[in-house]
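Here are my notes on this model, set out as numbered points. Please keep the viewer open while you go through them.

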Amino acid sequence: MKAKKLKREKRRGRVRAKVFGTAVVPRLSVFRSNYCMYLQMIDDVSGKTLASAHSREIKKEDNKKSISLELGKLIAKKALAKKIEKVVFDRGGYKYHGRVRAAAEGAREGGLIF
């Protein structure tokens, strides 16, 4: 278990070295646990969260992947309400697969440009 977490932290470090968000083009950060998922739009210059979404906000009982897709659409709706169209995707050390990919595709369907 320790090796798995260490690998994720190494991947996260590589991703964060390349990805940087501003107020105009914020960073769309992903955090997932076994139970839920969080998405945040972060301005790294000022260190503030511009918008966030949590899987508890989705009121339907379905599988995790479809909830992640809806969560991506929700964060896109919140971002477009604040006139944010472009983002930089930060997968947070997770592989671009499954729920992380579903959230990214949902955000794209919602109108965000990566």
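1. With 114 residues, a compact globule would be expected to have a radius of gyration near 13 Å, and the 14 Å of the protein chain agrees with that. The radius is taken over C-alpha atoms, and the globule rule is 2.2 Å times the number of residues to the power 0.38. Along its principal axes, the C-alpha trace spans about 40 × 35 × 20 Å.

2. A word on the ground rules: this is a predicted model, in which local features need pLDDT of at least 70 and side-chain atom pairs count only at pLDDT 80 or more, while totals for chains, interfaces and linings use all residues. Residues are numbered from 1 along each chain as its sequence is written, and side-chain values use heavy atoms, with hydrogens and water left out.

3. The protein chain has three helices and four strands, and from the N terminus on they run α-β-β-β-α-β-α. Helices (H or I, at least four residues) and strands (E, at least two) are DSSP runs, numbered from the N terminus.

4. Of the 114 residues, 39% are buried. Here buried means under 20% relative accessible area, exposed over 50%, and partly exposed in between (1.4 Å probe, protein chains only). Contacts (heavy atoms within 4.5 Å) have a long-range share too: among those with a separation of 6 or more, 58% are between residues 24 or more positions apart.

5. About 7300 Å² of the protein chain is exposed, and carbon and sulfur atoms supply 54% of it. These areas come from the Shrake-Rupley method with a 1.4 Å probe; for residues, only the protein chains shown count as cover.

6. Which residues touch the most other members of the largest nonpolar core? They are Leu28, Leu39, Met41 and Ile75, in a core of 22 residues. Strands S1 (27-32), S2 (37-43) and S3 (48-54) each give two or more residues to this core, as do helices H2 (64-81) and H3 (99-109). H2 supplies the largest share, five residues. A nonpolar core is a set of buried Ala, Val, Leu, Ile, Met, Phe, Trp, Tyr and Cys residues joined through side-chain atoms within 4.5 Å.

7. Leucine 28 is a good residue to click on. It sits in strand S1 and is buried, with a relative accessible area of 1%. Leaving aside neighbours within four places in sequence, leucine 28 contacts Leu39, Gln40, Met41, Ile75, Val87, Val88, Phe89, Asp90, Ala107 and Phe114. Leucine 28 and alanine 76 are 48 residues apart in sequence, and their C-alpha atoms are 10.0 Å apart in space.

8. Isoleucine 75 can be viewed from the other end of that contact. With neighbours within four places in sequence left out, isoleucine 75 is in contact with Leu28, Leu39, Met41, Ala51, Ser52 and Ala53.

9. Is serine 68 buried or exposed? This residue of helix H2 is buried, with a relative accessible area of 2%. Not counting residues up to four places away in sequence, serine 68 touches Met37, Arg99, Ala102 and Ala103. The C-alpha atoms of serine 68 and alanine 104 are separated by 8.6 Å, although the two are 36 residues apart along the chain.

10. Now for H3, where Arg99, Val100, Ala102, Ala103, Ala104, Gly106 and Ala107 are buried. The buried residues of H3 pack against S1, S2, H2 and strand S4 (88-90). After H3 comes glycine 111, with a positive phi near 120°.

11. Please also check lysine 83, in the loop between H2 and S4. Its phi is near 65°, a positive value in a residue other than glycine. Lysine 83 is exposed, with a relative accessible area of 76%. The C-alpha atoms of lysine 83 and valine 24 are separated by 9.2 Å, with their positions 59 residues apart along the chain.
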